[in-house]
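Me: I'm new to this one and would love a close look at a single part of it. Could you start from one residue and then show me what else there is to see around the model?

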Amino acid sequence: MFGAAIAGLAAVAALSACTSSSGGGGGQPVSGGDVTWAEQPGAPPNYIFPLDALQYFSTNNIAQFQYLMWRPLYWIGNGNDVVLNKDLSLAVPPQYSNGNKVVTIKLKNWKWSDGKPITSRDVTFWINLLRANKANWGEYAPGYFPDDVAKVAAPSTDKVVLTLKQPVSPEWFTMSELTQINPLPQHAWDKTSTSGKIGNYDTTTAGAKAVYKYLDSESRDKSAYASNPLWQVVDGPWKLSSFDPSGRAEFVPNKSYSGPVKAKLASFTEVPFTSGEAEYNSLRAGSLTYGYIPQTDIAQKQLVESRGYQVDPWYLWSMNIVPINFNNPQVGPLFRQLYIRQAMQSLINQKQYVSAILHDDGAVDNGPVPTYPKTSYLTPTQTNGAYPYDVNRASTLLKSHGWTVRPNGVSTCAKPGSGAGQCGSGISGGQKLSFSLSYASGISEVSQEMQAWKSDLSRVGIQLNLSQAPLNDLFAGLTPCKPTQSACSWQMAYWGNGWEFAPDYYPSGEVAFSTGAIGNWGSYSDPQMDAKIRATTQQAGLGVFHAWADYTTQQLPMLFMPLSATQISAISTKLHGAMPQPVAGQQMTPESWYLTR
């Protein structure tokens with residue numbers, strides 16, 4: 001998507017190329033070879049079943065683990081381009097008819113690793129499991145998939161027909177709805193216990209719930225990932241040969257893979273790390289084929305290059321955000337005041353973070369649409385920012401709404417009430433502007449950004465109480481909630497890479513910002529937002545999209561932080577085929593990689 005991506009998105013174009021250009025220098029290709037790849041600190045894969053609940057809905061589980069073994073129905077991405085990739089998809093491009101209310105999907109002649117064909121039954125199996133268990137799915141947003149599908153039919157073994165409840169934008173439905181479908185081996189997984197027989201349990205709600213319960217339970221047993229027969233039936237280019245509960249995952253080629261690119265490597269191993277420092281020590285020791293340089297060590301770039309690595313920033317199709325909990329019983333009423341969100345956003349010095357902390361490997365992010373690379377989805381409001389860094393503006397906002405501002409102290413509400421010049425509904429007299437934020441441990445630039453923001457917030461008396469947690473633990477506690485629930489204790493969170501538009505690649509907001517969406521971590525709700533989001537999914541063209549994007553930029557359902565490179569990759573010059581690094585979903589294709597002497 002970098003560069004020519006927007007044209008591809010607008011036309012839902014497909015590129016035929018399915019391998020990346022070579023990275024590194026020349027050399028004689030070798031047959032086989034083992035590649036080691038560094039996982040992000042504290043973020044090992046921890047869920048294998050491709051129907052992820054919110055706490056498992058992450059890049060490290062989906063794009064960098066499950067997709068190696070089970071391919072989505074439609075594959076998005078070709079190098080730097082966020083486009084429909086015809087060759088790597090399990091089906092030919094979908095056909096829309098009846099005023100964009102009927103979608104016809106024709107499968108290719110691909111097979112599972114046990115030799116069974118991939119059929120329409122494998123597609124309906126996934127849809128049936130989802131329909132019965134949608135409240136457990138990290139992508140669920142009320143009114144969208146699967147709620148927007150009136151009927152699912154499989155008129156033949158290679159065809160699925162979806163009849164929709166209302167017309168859709170084909171671009172959006174293909175890029176954000178069909179891409180979420182993950183055909184599963186119904187002939188091997190449609191059972192309710194390890195010793196049970198295969199059936200058609202998924203065709204009833206009760207049966208689908210029982211099947212899901214079984215598969216979810218098996219997925220929680222990480223020690224059996226490589227030995228459980230369930231997880232050996234795959235359609236992707238790789239099979240899991242060993243897995244350590246710490247997150248070390250070794251893959252070997254699936255010799256029955258039907259796709260156009262067969263694995264050249266003998267093995268591909270993902271290596272876990274608890275911190276960026278630990279990973280960098282392994283990189284300097286030469287024990288990694290594909291690693292990364294922490295931002296704190298970026299000055300060592302030339303040293304790393306001298307040891308046989310090519311250094312390249314890896315950017316994603318994403319927005320970087322700080323989720324805030326509108327339903328937290330202590331601070332929810334504060335977050336529900338737009339002027340408080342505006343003041344907090346005005347104290348995020350994004351340009352300084354990009355320069356001093358990210359060493360210019362980043363870009364200012366003012367709203368919900370990715371700002372890097374520049375595309376026609378961006379508007380002047382998003383490009384320039386509705387709330388640039390301005391301490392005086394933040395202070396004035398608070399004072400004009402009834403707060404006694406105490407720089408380097410804690411500001412308090414002096415004028416409670418919901419009238420003009422008052423603090424706002426639900427805020428009591430004397431209440432303090434004090435918040436708690438938990439951020440991902442082991443990532444130095446994340447820690448530096450939070451410390452810098454804490455300092456700037458204190459300039460107007462906003463107290464920020466910081467704590468750290470491993471990334472997977474952070475996600476586990478980040479859930480939509482009601483004020484009376486114990487799960488509603490979280491207030492703010494940050495991990496540095498924000499929200500990737502994957503597997504919903506069209507950069508609209510139904511999953512992150514619509515009322516009741518599972519991915520709407522902070523339980524934000526606004527009827528006008530819901531209407532504007534709905535328009536982006538039903539109407540083609542940039543007009544309705546820009547109206548939604550500008551409204552979101554102004555309303556701040558989450559706070560926005562600068563977009564950074566997800567990592568500064570260091571790739572061995574002996575490894576080829578890994579460049580350019582994929583923008584779409586951080587989806588790796590190590591089957592296209594090879595080593596040279």
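Does N349 count as buried or exposed, and at what relative accessibility?

Reply: Happy to help! Keep in mind that this is a predicted model. N349 counts as buried because its relative accessibility is 14%, and buried means under 20%. You will find N349 in the loop between helix 10 (338-345) and helix 11 (350-357). Setting aside residues up to four places away in sequence, N349 touches Y389 and D456.

If you go on past helix 11, the loop between helix 11 and strand 15 (362-363) holds H359. H359 is not a glycine, yet its phi is positive, about 55°. Its relative accessibility is 36%, so H359 counts as partly exposed. N100 has a positive phi too, near 65°, and is likewise a residue other than glycine. N100 sits in the loop between strand 4 (95-97) and strand 5, and counts as partly exposed at 26% relative accessibility.

Two other loop residues are good to set beside N349. G461 lies in the loop between helix 14 and strand 19 (463-469), and it counts as buried because its relative accessibility is 0%. Beyond four places in sequence, G461 touches R406, P407, N408, G409, V410, S411 and L433. The last of these, L433, is 28 residues from G461 in sequence, while their C-alpha atoms are 7.1 Å apart. W112 belongs to the loop between strand 5 (102-106) and helix 3. W112 is buried as well, with a relative accessible area of 0%. Its contacts beyond four places in sequence include W70, P183, H187, V233 and D235. Y257 and W112 are 145 residues apart along the chain, but 7.5 Å apart from C-alpha to C-alpha.

Now for the interior. In soluble globular proteins, nonpolar side chains tend to be buried together. Here, the largest nonpolar core has 168 residues, and L162, F435, W453 and M492 have the most contacts inside it. Helix 3 (residues 120-132) gives the most to this core, with 7 residues. For a look at one of its residues, try M492: leaving aside neighbours within four places in sequence, its contacts include V322, F335, M344, F435, W453 and L559. Apart from this core lies another, of 16 residues, among them I293, V304, Y309 and Y315.

Helix 7 (residues 276-284) shows how a helix can have a buried side: G276, E279, Y280, S282 and L283 are buried. They all lie on the same side of helix 7, because they cover an arc of only 160° around the axis. An α-helix has 3.6 residues a turn, so residues three or four places apart point the same way. The cover over the buried residues of helix 7 includes strand 1 (34-38), strand 11 (290-293), helix 8 (301-306), strand 12 (309-314) and strand 24 (567-572). Just after helix 7 comes G286, with a positive phi of about 80°.

Helix 7 also has a part in the largest pocket: helix 7, strand 11, helix 14 (444-458) and strand 24 each supply at least two residues of its lining. Helix 14 gives the most, with 4 residues. This pocket has a volume of about 250 Å³. Of its 25 lining residues, Q40, P294, I443, E445 and T566 lie nearest the centre. By class, the lining has 11 nonpolar, 11 polar and 3 charged residues.

There is enclosed space too, with 7 cavities of 30 Å³ or more in the structure. The largest cavity has a volume of about 620 Å³. It is lined by 37 residues, and F57, S58, T59, F475 and E500 are the closest to its centre. Helix 2 (62-69), helix 15 (471-476) and strand 21 (499-500) each supply at least two lining residues, with helix 2 giving the most, at 4 residues. The lining divides into 19 nonpolar, 13 polar and 5 charged residues.

Strand 21 leads to one last feature. P503 is found in the loop between strand 21 and helix 16 (510-513), and the peptide bond from A502 to P503 is cis, with omega near 0°. Another cis bond joins M579 and P580, and P580 lies in the loop between strand 25 (575-576) and strand 26 (594-595).

Definitions and conventions: Residues are numbered from 1 along each chain as its sequence is written. This is a predicted model: local features need pLDDT of at least 70, side-chain atom pairs count only at pLDDT 80 or more; totals for chains, interfaces and linings use all residues. Side-chain values use heavy atoms; hydrogens and water are left out. Buried means under 20% relative accessible area, exposed over 50%, partly exposed in between (1.4 Å probe, protein chains only). The arc is that of the directions from the helix axis to the C-beta atoms. Contact means heavy atoms within 4.5 Å. A nonpolar core is a set of buried Ala, Val, Leu, Ile, Met, Phe, Trp, Tyr and Cys residues joined through side-chain atoms within 4.5 Å. On a 1 Å grid over the protein atoms alone, a cavity is a set of points where a 1.4 Å probe fits but cannot get out, and a pocket is an open set with protein on both sides within 12 Å along at least five of seven lines; lining residues have an atom within 4 Å of a point. Grid points are joined across faces, edges and corners, and a volume is the space filled by probe spheres set on the points. Ala, Val, Leu, Ile, Met, Phe, Trp, Tyr, Cys and Pro count as nonpolar, Asp, Glu, Lys and Arg as charged, and the others, Gly among them, as polar.
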